[in-house]
Amino acid sequence: MLSLVTRAAGVWGRLRRACSGAALLCPQPWMEKCPADHVVFSSPYSSHKKEKLDTSIFPVENIRNFSIIAHVDHGKSTLADRLLEITGTIAKTDQNKQVLDKLQVERERGITVKAQTASLFYSYEGMNYLLNLIDTPGHVDFSYEVSRSLSACQGVILVVDANEGIQAQTMANFYLAFEAQLAIIPVINKIDLKNADPERVEKQIEKLFDISKDECIRISAKLGTNVEKVLQEVIEKVPAPSVNISDPLKALVFDSTFDHYRGVIANIALFGGEVQKGHKIVSAHTRKTYEVNEVGILTPNEQPTHKLYAGQVGYLIAGMKEVTEAQIGDTLYLHKQPVEPLPGFKSAKPMVFAGMYPVDQSEYNNLKSAIEKLTLNDSSVTVHRDSSLALGAGWRLGFLGLLHLEVFNQRLEQEYNASVILTAPTVPYKAVLSSAKLKKEHGKEEITVINPAEFPDKSSVSEYLEPTVLGTIITPDEYIGKIITLCQTRRAVQKDMVYIDEHRVMLKYIFPLNEIVVDFYDALKSLSSGYASFDYEDAGYQAADLVKMDILLNGNSVEELGAVVHKDKAYAVGKAMCERLKDAIPRQLFEIAIQAALGSKVIARETVKAYRKNVVAKCYGGDITRKMKLLKRQAEGKKKMRKIGNVEVPKDAFISVLKRQSEK
Amino acid sequence: MAAPGWRHPRARLAAALRSLRAARQHRARQPSRAEPLQAALYVHWPYCQKRCSYCNFNTYIPRGLDEESVRSCLSREAQTLIRLSQVQRISSVFFGGGTPSLASPLTIAAVLETVSRCAHLAADAEVTLEANPTSASASRLAGFRASGVNRLSIGIQSLDDAELRLLGRNHTADEALGTLEEAKKLFPGRTSVDLIFGLPGQSVSSWARGLEELLQLCDDHVSLYQLTLERGTSLFKQVQRGSLPVPKQEVVAEMYESAREMLRDVGFRQYEVSNFARNGALSTHNLSYWQGSQYIGVGPGAHGRFVPRAHGESLREARIQTLEPDSWMKEVLACGHGTRKQTVLSQLEVLEEVLVLGLRMDIGITHQHWLQFATSLSLWDVFGTSEEVKELEDQGLLLLDNRGLRCSWKGLAVLDSLLLTLLNQLQKSWEDRTAHRT
């Protein structure tokens with residue numbers, strides 16, 4: 001995933017380098033500094049008024065576009081809240097908590113899922129500045145979102161917790177910014193905490209990021225200590241976007257949301273020219289023409305402005321009816337003034353797949369519409385219809401990572417009140433075909449296999465491939481032994497191990513992705529008492545000894561329980577599945593053999609013994625009502641069971657085997 | 001101690017009086033019905049001295065019990081409900097509980113008096129009383145016999161004192177055997193004993209030894225009950241806590257199997273899942289439940305199944321009386337009965353009960369028995385063409401032939417599993433038939 005992200009995040013960087021020469025050669029009148037006392041701009045509180053903001057008062061050199069990046073819980077959102085307060089964007093109250101995190105799931109988990117943008121107005125040394133804070137999700141699962149956000153920035157504030165120090169996601173986010181050649185302002189947060197050790201963190205930053213400790217700003221976002229200094233550093237250190245207002249319009253769509261009343265709202269960064277209501281614009285991607293209805297900045301709510309100018313970041317509404325019309329990464333230009341489109345983004349590739357089914361089939365349509373609505377604003381989720389004999393009609397969804405999957409599921413439940421069965425996640429395998437017939441059938445030599453039922457037999461394949469990730473673990477050194485053992489059981493190969501200070505170690509491993517999608521994170525957290533942090537990035541495919549495992553009930557294969565597993569893990573996985581099934585399949589009138597098999601070879605077996613006695617002892621006058629109720633409920637349940645051969649399997653049994661196991 | 005002789009005439013007298021009254025009433029009714037309508041009567045005595053560790057029945061440990069009030073309420077409710085049902089005959093009476101042997105023989109006599117005033121109660125009608133060894137001295141047993149009781153069911157439960165303590169029984173094995181001894185003298189051929197198996201820690205061989213011992217001493221009727229751990233009982237809690245082992249399914253099945261064989265070998269007929277009799281000593285009262293006959297339940301928490309004809313109804317109702325004795329008494333005093341819940345049973349629901357209960361008997365459901373309840377839907381219609389029923393027959397669990405539908409020896413032990421298939425088949429046939437009609 002790293003390579004993809006780098007490419008995407010580099011858009012601004014490359015563009016800036018490309019045009020900086022030209023900009024210097026022809027200084028423009030609008031580049032002249034604009035003294036603060038000459039400017040009257042409406043306070044953002046007045047955004048309810050009809051009058052529109054005039055953003056032309058901010059020349060490009062008075063604009064800063066920046067993000068805050070941090071590991072989960074290091075205080076990114078709190079810092080954002082303070083910045084919004086200091087600049088008067090929001091009123092200062094005690095209620096400002098995670099203002100930019102609008103989703104319930106974000107507030108509950110203390111994470112950012114959907115990037116938001118807020119334009120801040122700030123006077124510094126007699127000048128007025130327009131500071132565009134583009135929020136980013138903290139987790140690598142959302143690095144696609146991060147990279148999109150960063151593509152509209154020239155600098156980042158890198159927040160590190162003074163107590164916890166550098167964590168796995170600090171690393172990942174730092175590299176995203178570093179490779180996009182953005183200015184980096186290191187900030188050490190939570191210095192008010194009792195155990196804060198900013199000195200140690202400064203040393204880590206110096207060692208790992210090669211940033212002098214003198215550059216670090218020690219703050220407490222919670223108390224507001226030194227936050228003003230951060231704003232000043234943004235102005236001093238982050239370069240203004242180097243763009244030209246006299247160029248034709250060139251706007252990058254870096255995000256989009258869907259509003260039921262107004263249609264698509266595209267978040268854009270202007271790399272050239274200006275745009276206003278009434279302009280005819282064209283999508284470089286679809287070549288469709290639209291008339292602009294509204295432009296404005298985000299504060300963080302939409303605040304209409306007369307125009308948006310080169311270097312600015314804001315939103316645009318232009319009668320796009322479907323979210324697909326505002327393709328993220330697309331370039332917008334003025335009608336009849338085509339420009340060379342910006343490089344755009346590669347679409348994010350799903351790395352983790354899971355089946356999703358309504359708990360009750362009568363809920364299918366409700367769930368369908370909920371998924372449609374959610375994916376409108378999260379185009380990185382792939383949706384394919386799927387059906388399971390046991391669970392009915394549903395979907396196979398692809399996610400960027402595990403957290404992404406969890407967040408999606410939680411949003412469905414919270415925002416759409418949907419209750420779903422989510423199957424254990426799987427990863428996309430590949431098979432290099434050797435059979436000429438299959439090659440012809442697929443029209444290619446290498447195919448991707450998501451559904452175990454479509455896993456091609458070894459005889460027609462020269463090689464199977466599995467996705468891998470480069471995992472970064474940062475941990476206090478006392479847990480190293482346990483963590484190394486854990487990684488070994490997950491077939492991981494160590495790539496690096498460094499002390500980032502006297503007591504903390506950074507480990508890097510190549511993991512097969514399927515080894516971490518189920519419970520790795522929970523295992524890591526529990527064996528390190530919660531101290532180890534983990535992050536990962538795509539590391540391509542590697543050859544793997546994969547096999548298809550079947551689950552048999554009295555010799556009949558249960559299609560929905562088939563799984564692709566690594567040969568070394570087949571026994572453990574098979575045994576666990578058989579055991580879970582044994583607990584979930586009720587006794588019947590005959591013995592049931594539950595087997596896991598590779599081809600014709602049985603590798604694990606459990607037995608459900610036959611009933612020898614199953615009749616209630618007492619059934620007199622007073623017992624009948626209760627007994628009838630119980631029998632009829634069981635008889636109803638029997639009707640709903642799925643028959644595999646002569647074995648009756650309750651839906652719960654499938655769920656208990658297929659379902660993602662909750663954290664222990 | 002009183003000799004049994006002096007009670008005999010009085011019992012005879014009471015019976016004679018009962019038949020006389022019933023005959024009078026019978027004459028008074030319209031002669032339109034070919035056979036007198038009848039029902040069995042269950043009377044619940046809700047009190048115990050001590051709660052057993054396995055028991056979740058509707059029982060209470062009384063403080064300052066006013067037995068006279070209870071007596072009059074039981075009688076009053078019996079009268080109200082018998083009249084409501086318009087039955088002309090009470091086929092049997094069963095005093096259950098609780099511990100009805102704690103009641104005074106006077107109470108038993110009073111209820112029987114009322115019954116025979118309201119309907120015909122034949123002189124030889126079975127009148128059973130559940131007795132607990134501690135409250136059933138020879139003299140009390142004689143008193144009950146004098147009141148009209150002619151069958152005794154003794155809760156012996158176990159012949160091992162340690163097991164009895166585990167079950168929370170307040171008697172020893174010796175005391176229980178003493179009671180059995182006396183009961184056999186007073187109710188020869190009409191004394192039943194209850195035993196429980198599948199206790200935590202019990203082995204197949206210790207169970208078999210206890211049963212063997214009892215079989216030397218018992219009369220002609222034995223009931224064997226597998227212990228069911230009921231939520232809310234102290235035994236359930238102890239097992240949940242892990243302080244007692246959970247009886248293993250396999251072991252319990254083995255106990256049941258060996259008991260069935262032992263009883264068969266000494267000439268007992270297993271006429272129902274848990275009931276064994278020789279010399280024809282079947283309990284007619286309990287048989288009427290399994291045959292799907294009407295029954296009236298009197299007393300706190302008692303259940304009933306009958307048609308309230310006095311209200312002009314023609315469908316059977318399931319009725320439950322108020323559970324708590326004091327509230328029940330208030331209701332009886334206020335409106336003659338303490339029915340808390342009455343639910344009309346559809347024809348299909350009645351058939352479902354007939355099926356579930358009938359198959360508990362060794363003879364199962366005869367075609368004739370079934371047709372009493374389903375005049376236009378025979379057993380063949382319902383089950384004759386079902387593949388799944390055929391499968392059960394092929395597995396040797398079930399028989400459908402010219403006699404009717406019944407379980408095999410092996411099938412009886414797994415009846416609850418068979419019933420799921422049969423209930424679904426019955427429902428399907430019933431719906432098909434209804435669909436065809438409309």
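# Questions about a predicted two-chain model

Visitor: Leaving aside neighbours within four places in sequence, which residues is Glu67(B) in contact with?
Guide: This is a predicted model. Glu67(B) belongs to helix H2 (residues 67-85) of chain B. Setting aside residues within four places in sequence, its contacts are Trp45(B), Ala103(B), Ser104(B) and Thr107(B).

Visitor: Which side chain is joined to that of Glu67(B) by a polar contact of 2.5 Å?
Guide: Start with the contacts of Glu67(B), which include Ala103(B), Ser104(B) and Thr107(B). A polar contact of 2.5 Å picks out one partner for the side chain of Glu67(B). That partner is Thr107(B).

Visitor: How far from Glu67(B) is the nearest side chain of opposite charge?
Guide: Glu67(B) is buried and has no salt bridge. A salt bridge needs nitrogen and oxygen within 4 Å. The nearest oppositely charged side chain is that of Arg71(B), and its distance from Glu67(B) is 4.1 Å.

Visitor: What is the average pLDDT of chain B?
Guide: In chain B, 92% of the residues score at least 70. Residues 1-9 of chain B stay under 50. Residues 23-36 of chain B are also below 50. The average pLDDT for chain B is 91.

Visitor: What ipTM does the predictor give the complex?
Guide: Two scores come with the complex. The pTM is 0.68. The ipTM is 0.90.

Visitor: How many residues are in the largest nonpolar core?
Guide: In soluble globular proteins, nonpolar side chains tend to be buried together. Here, the members touching the most others are Ile90(B), Leu224(B), Ile296(B), Leu355(B), Trp370(B) and Phe383(B). The residue count of this largest core is 128.

Visitor: Which helix gives the most to this core?
Guide: The core in question is the largest nonpolar one, with 128 residues. One helix of chain B, spanning residues 415-437, gives eight residues to it. That top contributor is helix H17.

Visitor: Which residues does Leu224(B) touch, not counting those up to four places away in sequence?
Guide: Leu224(B) is one of the residues that touch the most other members of the largest core. Residues up to four places away in sequence are left out here. Leu224(B) then touches Leu195(B), Phe197(B), Trp207(B), Leu211(B), Ala259(B), Leu263(B), Ser274(B) and Phe276(B).

Visitor: How many residues are in another core, apart from the largest?
Guide: This other core lies apart from the largest one. Its members include Ile516(A), Phe520(A), Ala523(A) and Val564(A). The number of residues in it is 55.

Visitor: Is His311(B) buried or exposed?
Guide: His311(B) sits in the loop between strand S10 (303-306) and strand S11 (317-321) of chain B. Its relative accessible area is 55%. The cut-off for this class is over 50%, so His311(B) is exposed.

Visitor: What distance separates the C-alpha atoms of His311(B) and Ser85(B)?
Guide: Along the chain, His311(B) and Ser85(B) are 226 residues apart. In space, the separation of their C-alpha atoms is 8.7 Å.

Visitor: Why are Lys237(A) and Glu233(A) separated by about one helical turn?
Guide: These two residues form a salt bridge, with their closest N and O atoms 3.9 Å apart. Lys237(A) is partly exposed at 30% relative accessibility, whereas Glu233(A) is buried at 17%. They are about one turn apart because both lie in helix H7 (residues 227-237) of chain A, at a spacing of four residues.

Visitor: Which residue meets Glu591(A) in a salt bridge?
Guide: The N to O distance of this salt bridge is 3.7 Å. Glu591(A) is in the loop between helix H14 (567-584) and strand S30 (592-598) of chain A, and its partner is 14 residues apart, in strand S31 (residues 601-608). The partner of Glu591(A) is Arg605(A).

Visitor: How far apart are the closest N and O atoms of Arg406(B) and Asp401(B)?
Guide: Arg406(B) counts as buried at 8% relative accessibility. Asp401(B) counts as partly exposed at 23%. The two form a salt bridge, and the closest N and O atoms are separated by 2.6 Å.

Visitor: Which residues do salt bridges that share partners join into one network?
Guide: Over all chains, the structure holds 41 salt bridges. Some of them share partners and build one network. Its residues are Glu466(A), Arg491(A), Glu515(A) and Lys569(A).

Methods: Residues numbered from 1 in each chain as written. Chains lettered and ligands numbered in written order. Predicted model: local features only at pLDDT ≥ 70, side-chain atom pairs only at ≥ 80, totals over all residues. Heavy atoms only, no water. Helix = DSSP H or I, 4+ residues; strand = E, 2+ residues; numbered from the N terminus. Buried < 20%, exposed > 50% of the residue type's maximum accessible area, 1.4 Å probe, protein only. Lys, Arg positive; Asp, Glu negative; His and termini not counted. Polar contact = N/O pair within 3.5 Å; in protein donor to acceptor, adjacent residues only side chain to side chain. Contact = heavy atoms within 4.5 Å. pLDDT = per-residue confidence, 0-100. Core = buried A, V, L, I, M, F, W, Y, C linked by side-chain atoms within 4.5 Å.
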